[in-house]
Amino acid sequence: VDLAIGYATTLSVGTHASTPLFIPILAAEAKTYFDKNMISGVDFSATAIKNTFPHCLYLAMSEFADFDLQALSYAASSIDEIYILRHQKRSDFRKSGLAKGTSWENVKEIMISAQSAIETCEKERSSIHDRLASGVLIRES
């Protein structure tokens, strides 16, 4: 993980408090380019984090894509979103020597997603006993 936003807390068992525990809210991989092996590694990391912290937003971002966009379904991965900030394949950049500009719309979307993830974690949740009345135990109404 190249970037993580979260909060530190302690886990208490009985009267004993543990050392600080970091709860990730957002995790991100930032690279110059992603090839299919790198994407597989990012997916592995995302799956590992989401097994423990399922609500963690996991993003991958790079300047260029260096993989066959048609070969795999990245929607089935644990990565919440993959951003290619220059909207360009690495091979096109190598051939032309010209890089497209950074997509500031994608940067804005990343920032909005991060803000939303943080705001969601800051909300006070009702107790599971209170949620039992609606029969919906995980999602807040």
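Let's start with Asp 130, which sits in helix α4, a stretch covering residues 128-131. Keep in mind that this is a predicted model. Is Asp 130 buried or exposed? Its relative accessibility is 54%, so Asp 130 counts as exposed, the cut-off for that class being over 50%. To get a feel for where this residue lies, take Ile 25 as a reference point: the two are 105 residues apart in sequence, and their C-alpha atoms are 24 Å apart in space.

Step back from α4 and look at the whole fold. The protein has 4 helices and 4 strands, and if you walk along the sequence you meet them in the order β-β-α-β-β-α-α-α. So how are the strands put together?

Begin with the pair at the start of the pattern. Strand β1 takes in residues 3-13, and it runs antiparallel to β2, with 10 bridges joining the two. If you want to find the register by eye, look for Ala 4, which stands opposite Ala 27 in β2. Ile 5 also has a counterpart there, as it faces Leu 26 of β2. The turn of this hairpin leaves 2 residues between the strands, and Gly 14 adopts a positive phi near 65°.

From β2 you can move on to β3. Strand β2 spans residues 16-35, and here the arrangement is parallel, with 9 bridges to β3. Two positions let you check the register: Glu 29 stands opposite Ala 60 in β3, and Ala 30 is set against Met 61 of that strand. As a general point, side chains in a regular strand alternate between the two faces of the sheet.

Strand β3 has a second partner as well. It pairs with β4, residues 81-89, again in the parallel sense, this time over 6 bridges. One handy marker is Ala 65, whose bridge partner in β4 is Lys 89. While you're on β4, have a look at His 87, which belongs to this strand. Its phi is near 50°, a positive value in a residue that isn't glycine.

With β2 and β4 both bridged to β3, it's worth asking about its surroundings. How many of the 10 residues of strand β3 are buried? The count is 8, so this strand, residues 57-66, is largely enclosed by the rest of the structure. For the protein as a whole, 27% of the 141 residues count as buried.

Now for two of the other helices. Helix α2 covers residues 90-96 and is home to Asp 92. This residue is partly exposed, its relative accessible area being 39%. For a link back to the strands, compare Asp 92 with Asp 66: they are 26 residues apart in sequence, and 9.6 Å separates their C-alpha atoms. Asp 66 is also part of β3, whose range is residues 57-66.

Helix α3 runs over residues 104-122, and Glu 122 lies in it. Is Glu 122 exposed or buried? With a relative accessibility of 60%, Glu 122 counts as exposed. Follow the chain to Thr 52, 70 residues away in sequence, and the C-alpha distance from Glu 122 comes to 19 Å.

Finally, put the pieces back together and consider the overall shape. A compact globule of 141 residues would have a radius of gyration near 14 Å, whereas this protein has 19 Å. The box filled by its C-alpha atoms tells you how they spread out: roughly 65 × 35 × 25 Å along the principal axes. Contacts across the sequence are part of the picture too. Among contacts with a separation of 6 or more, 49% come from residues 24 or more positions apart.

That leaves the surface. The protein exposes about 9,600 Å², and carbon and sulfur atoms supply 57% of that area. As for charge, there are 14 positive and 17 negative side chains, and 5 Å lies between the centres of the two sets.

Definitions and conventions:
Residues are numbered from 1 along each chain as its sequence is written. This is a predicted model: local features need pLDDT of at least 70, side-chain atom pairs count only at pLDDT 80 or more; totals for chains, interfaces and linings use all residues. Side-chain values use heavy atoms; hydrogens and water are left out. The radius of gyration is taken over C-alpha atoms; the globule rule is 2.2 Å times the number of residues to the power 0.38. Buried means under 20% relative accessible area, exposed over 50%, partly exposed in between (1.4 Å probe, protein chains only). Contact means heavy atoms within 4.5 Å. Accessible areas come from the Shrake-Rupley method with a 1.4 Å probe; for residues, only the protein chains shown count as cover. Lys and Arg count as positive and Asp and Glu as negative; His and the chain ends are not counted. The place of a charge is taken as NZ of Lys, CZ of Arg, CG of Asp or CD of Glu. Two strands pair if DSSP finds at least two bridges between them.
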